[in-house]
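Me: Please set out the charged contacts and helix packing of the structure shown below, as questions with reasoned replies.

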Amino acid sequence: VELVKDAVSDAELVEFLNRLLEQEIIPYVNMPTEYLEEYAASVLGRFKNPYINHKFLDISLNSMTKFKTRLLPQFLEYCKKNGSVPPLMSLSLAALIYFYQGENEGKSFPVKDDKRFLDLYRDLWSNPVQLTQDRAERIVGQILDLEDHWGIVLSNIEGLREKMASDIISIHNKGMRTTLRENLR
């Protein structure tokens, strides 16, 4: 899916977004639930505008920082309150890490971010060795250990590295759509 409006018109992606918002984001924002639900509905409504062609590649600029500022607080609060990792947000971060290869199904695409992240991802993904659980965990671990970026060592969260590595392997071997379906079960 290349355009935001297409994503919010796709039944599976809408289910993902709704679950993500209802189960992993809204309950962990310190604001009135009704307000957050109305706000989320209005944003999703704007995303459906058929006249706006927001390309995901265009809005992917600085995704590492966007994840940190927009999702990490709710991610950490979910972990604290539930004693487990948020399954859909961790899938989202795994997909982001996979995205930073700059290639999917043999097609290259430009990835835009700070040079330090682009260099790190280039190094992490440059070795064409088979993607095993161990290699995926090392890649994920390098990203989760960026304390200067996250403000915390995320690999200390029990089960996070393993879950994200499994999601990356699934994305690699089965594709994003199948991985999404499996996470929605």
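Me: How many salt bridges does a search of the whole structure find?
Reply: The model is predicted, with local features requiring pLDDT of at least 70 and side-chain atom pairs pLDDT 80 or more, while totals for chains, interfaces and linings use all residues. Residues are numbered from 1 along each chain as its sequence is written, and side-chain values use heavy atoms, leaving out hydrogens and water. A salt bridge is a side-chain nitrogen of Lys or Arg within 4 Å of a carboxyl oxygen of Asp or Glu. By that criterion the search of the whole structure returns 12.

Me: How many residues apart in sequence are the parts that R177 and D10 tie together?
Reply: The side chains of R177 and D10 form a salt bridge, N to O at 2.9 Å. R177 belongs to helix α12 and D10 to the loop between α1 and α2, so the pair links parts whose separation in sequence is 167 residues.

Me: Which residues are linked with D10 in a network of salt bridges?
Reply: D10 also has a side-chain oxygen within 3.0 Å of the backbone nitrogen of E12, at the start of α2. The residues joined with D10 in the salt-bridge network are E12, R177 and R181.

Me: Which residue meets R19 in a salt bridge?
Reply: Helices here are DSSP runs (H or I, at least four residues), numbered from the N terminus. An α-helix has 3.6 residues a turn, so residues three or four places apart point the same way. R19 lies in helix α2, 4 residues from its partner, about one helical turn. At 2.7 Å, N to O, that partner is E15.

Me: How far apart are the end C-alpha atoms of helix α2?
Reply: The expected span of a helix is 1.5 Å times one less than its number of residues. For the 15 residues of α2 (residues 11-25) this gives 21 Å, and the model agrees, with its end C-alpha atoms separated by 20 Å.

Me: What is the nearest side chain of opposite charge to K5?
Reply: K5 lies in helix α1 and is buried, meaning under 20% relative accessible area (1.4 Å probe, protein chains only). Its side chain reaches the backbone oxygen of P50 at 2.8 Å and makes a polar contact of 2.6 Å with the side chain of N53, a polar contact being a pair of N or O atoms within 3.5 Å, one able to donate a hydrogen and the other to accept it. K5 has no salt bridge. At 5.7 Å, the nearest side chain of opposite charge is D6.

Technical notes
Helices (H or I, at least four residues) and strands (E, at least two) are DSSP runs, numbered from the N terminus. Buried means under 20% relative accessible area, exposed over 50%, partly exposed in between (1.4 Å probe, protein chains only). Lys and Arg count as positive and Asp and Glu as negative; His and the chain ends are not counted.
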